[in-house]
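Hi,

Here is the structure I promised to pass on. Have a look at it before you read my notes underneath.

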Amino acid sequence: MLTIKRVTKSFGGVVAILNLDLEVSQGMIFGIIGPNGAGKTTLFNLVTGVLPASSGSIIFKGQEITKLKPYQINRMGVTRTFQNIRLFPAMTVLENVMMGQSRLINSGITSLIPYYARSKAKELKQEAEGLLEFLGIAEKKNWLVKELPYADQRRVEMARALSSHPDLLLLDEPTAGMNEEETAEITADIAKMRSAGRTILLIEHDMSVVMSISDRIAVINFGQKIAEGKPEEIQNDPLVLEAYLGREEEENVQPS
Ligand SMILES: Nc1ncnc2c1ncn2[C@@H]1O[C@H](COP(=O)(O)OP(=O)(O)OP(=O)(O)O)[C@@H](O)[C@H]1O
Ligand SMILES: [Mg+2]
């Protein structure tokens, strides 16, 4: 579904991603781990078209997307959430979710006919409510986002991402800053999204999360992939232990 071929991204002298290859198949949860500053978020920025790659190519559903604009890539079915939540805090939960539906709104001739426009709006609203139901926050649909607990704000972000019917969903540290209980809930939500047919690329600091739900994991260190495989293979990889797990134990690196 997504193929990344020898992609490099440098910012002036800083090489954030170097010759990266990645193959994500349909229907899987693909985990991306690595120390702070390894290049994980940069990878998401490249896949979503927010940043241009310095070299290499990115192919989604058989089509080259390397030079496409973010809105074009989004229309093809790629949506993300952000490491730092980006919602409209003074708007309601439902309004925020409906912001994600823009790629579905029919701008054709029928949208000029009030009957069709109204019934389409109603359909989209019902669908947004269904997503809130799916993530267990339907009863908070009229709350302002700023009044929600942190984990629920993450859920609103995920509902908004889902509202554009993505085939590929990119989640950037969805459990960052959460307590154990919230982390477990969000982990279950992610597994549920896969069951509903989404393919998921997941950046995650929490080892227990990434090991428990990923079908495959790639480890990035200083912009390069240093290991890839099933969770149990990654857990026992000496390079990974040295680069990531060891460092985390020694320095007690906190999620950013
Ligand atoms: N827009 C940018 N301009 C310049 N340098 C950048 C930019 N974005 C990222 N970088 C640099 O690229 C490197 C990788 O950053 P990135 O945010 O991708 O890391 P990360 O793996 O997501 O880290 P974290 O775990 O802290 O979120 C860092 O050295 C960072 O400073
Ligand atoms: Mg990051």
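Below is what turned up, going from the whole chain to the core and then the ligand.

A word on the source: this is a predicted model, where local features need pLDDT of at least 70, side-chain atom pairs count only at pLDDT 80 or more, and totals for chains, interfaces and linings use all residues. Residues are numbered from 1 along each chain as its sequence is written, while chains are lettered from A and ligands numbered from 1 in the order in which they are written.

The chain has nine helices and ten strands (DSSP runs numbered from the N terminus: H or I of at least four residues for helices, E of at least two for strands). Its C-alpha trace spans about 60 × 40 × 30 Å along the principal axes.

Now the core. The largest nonpolar core (buried Ala, Val, Leu, Ile, Met, Phe, Trp, Tyr and Cys joined through C-beta atoms within 7 Å) holds 61 residues, and Val97, Ile200 and Leu202 touch the most other members. Buried means that 20 or more other C-beta atoms, placed from the backbone, lie within 10 Å of a residue's own. Domain 1 (1-77 + 166-256) and domain 2 (86-165) both contribute residues, so this core lies between them; the bounds come from an automatic or database domain assignment.

Finally, ligand 1 is surrounded by 13 residues, the closest being Phe11, Ala16, Lys40, Thr41 and Thr42 (near means a C-beta atom, placed from the backbone, within 6 Å). Strand 2 (14-24) and helix 1 (40-47) each give two or more residues to this shell, and helix 1 has the largest share, with three.

Cheers

Methods. A residue is buried if 20 or more other C-beta atoms lie within 10 Å of its own, exposed if 12 or fewer, and partly exposed in between; C-beta atoms are placed from the backbone.
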